[in-house]
Amino acid sequence: SAASDVYKRQGINAEYMGYNLRENSWERVEERLQEKLEILKFAVEELVIEKKYEAALSICKRHQLIEKGYIKSQELIDELTKQEQNFETIPCNPIFDKDDYAPIEQLINPSLEGKFIQLKDYSLDCEKDIIFIDSINDEKYSKAEEDLLNSDIIGIDSEFRSRFTKFDQGGISIIQLANRNKIYIFDVIKLAQEQRFVSLLEKVLNDHNIKIVGHSFGNDINEMKENIPIENFVIN
């Protein structure tokens with residue numbers, strides 16, 4: 001496809017995927033590429049080369065890469081079909097399978113539990129104290145707005161959409177604002193152009209009575225400036 005050709009010209013090919021899979025687990029690679037099936041097919045190819053058939057089949061089945069025409073090599077299709085007969089079940093990707101707030105490394109490998117900071121260590125209830133917001137019309141938004149503006153300290157962090165080529169749309173996907181008792185996760189993709197959300201960020205970031213805390217979030221601030229129409233931007 002044209003899209004696939006663009007990715008190849010940008011160096012997103014099997015060689016790149018081999019490096020990616022050496023540096024990351026296949027589960028994490030799949031998570032990052034779940035909306036870019038033109039690239040994800042290279043992960044399947046590389047996993048077959050490495051004889052990691054269960055992982056290759058897992059990705060292939062979940063995204064219907066053969067049915068949708070992303071995998072065209074008959075040799076690869078035949079090999080996947082042959083290997084499928086050797087497995088009673090195809091493994092899931094725990095990142096998709098588990099609805100939980102935890103480090104990805106721990107979701108993939110539960111034996112790592114205890115090696116990361118846990119929300120429960122701070123008496124936070126994942127069901128009650130972590131609140132996802134994607135609409136300003138939701139009652140959750142009004143409560144979050146009031147709570148945050150009455151806070152004395154707020155931690156801030158954001159997550160970006162991955163850019164694999166210069167043609168991809170990047171930017172912030174979520175912003176997390178946390179006070180002493182709650183963690184609010186805002187869907188920036190849906191809220192970035194909502195003036196009420198923009199106003200909330202301006203008030204929080206410019207309020208001299210609120211201390212802003214973050215770790216290495218210079219890039220976060222730059223992305224916020226680029227993706228959210230904030231006029232006044234002074235962080236205390």
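Let's start with a single residue, Q176: its relative accessibility is 21%, so Q176 counts as partly exposed. The cut-off helps here, because a residue has to be under 20% to be called buried. Keep in mind as you look around that this is a predicted model.

Where does Q176 sit? You'll find Q176 in strand β3, which covers residues 172-178. Now look at what surrounds Q176. Setting aside the neighbours within four places in sequence, Q176 is in contact with G155, I156, D157, E159, Y184 and I185. Take D157 from that list. D157 and Q176 are 19 residues apart in sequence, yet their C-alpha atoms are 5.2 Å apart in space.

Let's zoom out to the whole protein. How many helices and strands does the protein have? The secondary structure comes to twelve helices and five strands. The protein has 236 residues, and 40% of them count as buried. Its accessible surface is about 14000 Å², with 45% of that belonging to carbon and sulfur atoms. You can also ask how contacts are spread along the chain. Take the contacts between residues at least 6 apart in sequence: 64% of them join residues at least 24 apart.

Next, pick out helix α6, which runs over residues 74-84. Which residues of α6 are buried? They are L76, I77, L80 and Q83. If you look down the axis of α6, these buried residues fall within an arc of 135°, so they line one face of the helix. On the other side of α6, you'll see E75 and K82, and these are exposed.

What do the buried residues of α6 pack against? Their partners are two helices, α4 (37-49) and α5 (53-63). Q83 is a good residue to follow here. Q83 lies in α6, and with 11% relative accessibility Q83 counts as buried. Leave aside the neighbours within four places in sequence, and Q83 is in contact with Y53 and L57.

Now turn to how α4 and α6 meet. Their axes come within 11 Å and cross at roughly 60°, and α4 passes α6 in a left-handed crossing. Which residues do the meeting? From α4 they are V44, E45 and V48, and from α6 they are L76, E79 and L80. Sorted by class, this contact of α4 with α6 has four nonpolar residues, two charged ones and no polar ones. Two of those names should ring a bell: L76 and L80 are among the buried residues of α6.

While you're at α4, have a look at E38, another residue in that helix. Is E38 buried or exposed? At 17% relative accessibility, E38 counts as buried. Try finding L65 from there: E38 and L65 are 27 residues apart along the chain, and their C-alpha atoms are separated by 9.2 Å.

Finally, let's visit the loops that link these helices. Some background first: most residues other than glycine have a negative phi. With that in mind, check K51, which is found in the loop between α4 and α5. Phi of K51 is near 65°, a positive value in a residue other than glycine. K51 has 60% relative accessibility, so K51 counts as exposed.

Move along to the loop between α5 and α6, and you'll come to Q64. What is phi of Q64 near? The value is near 50°, again positive in a residue other than glycine. Q64 has 39% relative accessibility, so Q64 counts as partly exposed. That's the label you met at the start with Q176, which counts as partly exposed at 21%.

Definitions and conventions: Residues are numbered from 1 along each chain as its sequence is written. This is a predicted model: local features need pLDDT of at least 70, side-chain atom pairs count only at pLDDT 80 or more; totals for chains, interfaces and linings use all residues. Side-chain values use heavy atoms; hydrogens and water are left out. Buried means under 20% relative accessible area, exposed over 50%, partly exposed in between (1.4 Å probe, protein chains only). Helices (H or I, at least four residues) and strands (E, at least two) are DSSP runs, numbered from the N terminus. The arc is that of the directions from the helix axis to the C-beta atoms. Contact means heavy atoms within 4.5 Å. Accessible areas come from the Shrake-Rupley method with a 1.4 Å probe; for residues, only the protein chains shown count as cover. Axes are lines fitted to C-alpha atoms, for helices over the stretch in contact, and angles run from 0 to 180 degrees between N-to-C directions. A crossing is left-handed if the near helix is turned anticlockwise from the far one by less than a right angle, and right-handed if clockwise. Ala, Val, Leu, Ile, Met, Phe, Trp, Tyr, Cys and Pro count as nonpolar, Asp, Glu, Lys and Arg as charged, and the others, Gly among them, as polar.
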